[in-house]
Amino acid sequence: MHPFIFQDADGRFRELDKNIGQAVGFTNYTVFSLWDTYRALHPLFNLVQREINADIINSMLDIYDKQGRLPVWHLWGNETDCMVGNPAIPVVADAIVKGFKEIDMERAFTAIKMTANHDGRGGSLRKQYGYIPCDLFQEAIAYDMEYAIADAAVAAAANHLGKDDDYRLFTERSHSYRNYFDESTGFVRGKDSNGNWRTPFDPFASQHRADDYCEGNAWQYFWYVPQNIPDLISLTGGNKAFTAKLDTFFTVNHQSGELNDNASGFVGQYAHGNEPRHHIAYLYTYAGEQWKTAEKVRFIMSDFYTDQPDGIIGNEDCGQMSAWYLLSAMGFYQVNPSDGVFAFGSPRFKKIEVKVRGGKVFTVEAPNNSKDNIYIQKVYLNGKPYHKSYITYDDIINGSTLKFEMGKKPAKNFGKASANRPIVLNK
């Protein structure tokens with residue numbers, strides 16, 4: 001249902017300034033729950049509703065023309081500034097990286113660059129200190145780590161368009177999360193304007209709208225670097241330390257402080273009912289233990305999604321919860337929202353066909369799939385053995401056939417070699 005078409009039959013619609021605008025060459029949309037939907041809904045749209053996503057992006061560019069920055073949470077033609085970060089940037093950047101001809105690439109890049117450089121909402125503090133100090137801004141870690149994800153998206157778009165200076169600048173800015181990494185505790189922790197850690201510190205603590213995070217705690221925000229998982233693995237101490245910490249994350253049940261209403265669907269500290277956690281189950285795939293990703297995503301699909309009235313474990317948030325399921329049911333998920341790499345999980349069905357660009361069909365086959373056969377044993381792409389633990393957007397959109405051979409036990413070799421881990425693609 002979301003986003004909604006927001007215009008009359010003749011293309012007229014009410015602009016942000018309350019004047020009447022005219023959509024020319026695109027259909028105007030509104031209701032952008034972007035902090036939620038940039039993670040999976042828009043990557044899904046790029047596969048199955050490319051034309052609609054192009055209209056959505058053109059609508060966002062029209063908003064940029066009126067307010068000088070891309071939307072944050074656009075509700076019925078109005079900016080609410082609800083939630084943290086610059087969540088429209090990965091959506092627009094992903095379309096640039098994926099070669100959308102339905103949008104003006106230069107106009108789109110200008111919009112994401114100017115939005116990333118905006119001084120509001122903690123932006124000026126981040127420029128001054130290199131991070132957002134926790135004593136000067138509420139939810140500082142959440143804002144900054146979101147901005148880092150958006151900066152990586154700008155860098156990816158700049159790289160695609162051959163803008164080398166912008167690529168280097170925004171790549172460096174995308175590393176700002178390192179300022180919060182506290183080696184003594186092994187978590188991201190608030191840092192004040194004098195460079196001191198926030199004390200006291202409890203990685204389980206959460207105070208809704210009153211701490212350094214947003215709808216989460218230090219355990220949950222530690223993994224919030226989808227744009228650079230190899231660096232996060234390195235900060236953690238390598239693959240074994242990384243997967244061991246993930247194991248703890250998915251098992252330790254302690255909670256302290258005030259949980260927000262979206263905290264639901266718990267597996268240890270993992271809360272599927274809220275979107276910032278949605279990529280975490282796929283992180284095992286990056287560290288050579290893909291079978292653990294298979295276990296987690298199969299459990300989530302089976303236990304947290306049903307055909308009953310309460311069949312979604314959390315707030316649907318304009319399509320994100322469903323989009324996570326649809327991508328995961330196909331057997332993969334785009335962890336980095338702007339790189340076109342889909343990490344493997346565990347396909348849910350024996351066969352799925354998806355209509356993609358130009359009338360082509362992308363097919364996922366898993367003929368021996370079952371509730372017991374959840375582990376990937378072998379993979380074939382267009383009939384040939386495929387030894388990677390991810391698939392790219394280009395392979396999907398060109399109408400390939402991806403075949404999974406499934407089994408009851410983890411395969412001895414699949415997903416273990418470091419060369420098979422998902423990588424960042426530079427186009």
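Let me begin with a pair of strands: β16, residues 361-365, and β20, residues 401-407, run parallel and are joined by three bridges, and within this pairing E365 of β16 has K403 of β20 as its bridge partner. I should say at once that this is a predicted model, so please take what follows in that spirit.

Stepping back from that pair, the sheet is an open one of five strands with mixed pairing, and its order reads β15-β16-β20-β17-β18. The strands at the edges are β15 (351-355) and β18 (384-385), and because each has a single partner strand, one side of each is left without a neighbour in the sheet.

Now to the helices, and to α5 in particular. Helix α5 covers residues 105-116, and its 12 residues, at 1.5 Å a residue, should span 16 Å, which agrees with the 16 Å between its end C-alpha atoms. At the N-terminal end, D104 acts as the cap, with a side-chain oxygen 3.1 Å from the backbone nitrogen of E106.

Which residues of α5 are buried? They are M105, A108, F109, A111, I112, T115 and A116, and because they cover an arc of only 160° around the axis, they lie on the same side of α5. An α-helix has 3.6 residues a turn, so residues three or four places apart point the same way. Among the elements that cover this buried set are α3 (50-67), α4 (88-97), α7 (140-161) and α8 (164-173).

Finally, a residue from α4, namely V97: its relative accessibility is 7%, so V97 counts as buried, and its C-alpha atom is 5.9 Å from that of H160, although the two residues are 63 apart along the chain.

Technical notes. Residues numbered from 1 in each chain as written. Predicted model: local features only at pLDDT ≥ 70, side-chain atom pairs only at ≥ 80, totals over all residues. Heavy atoms only, no water. Helix = DSSP H or I, 4+ residues; strand = E, 2+ residues; numbered from the N terminus. Expected span 1.5 Å × (residues − 1). Buried < 20%, exposed > 50% of the residue type's maximum accessible area, 1.4 Å probe, protein only. Arc of directions from axis to C-beta. Contact = heavy atoms within 4.5 Å. Polar contact = N/O pair within 3.5 Å; in protein donor to acceptor, adjacent residues only side chain to side chain. Pairing = 2+ DSSP bridges.
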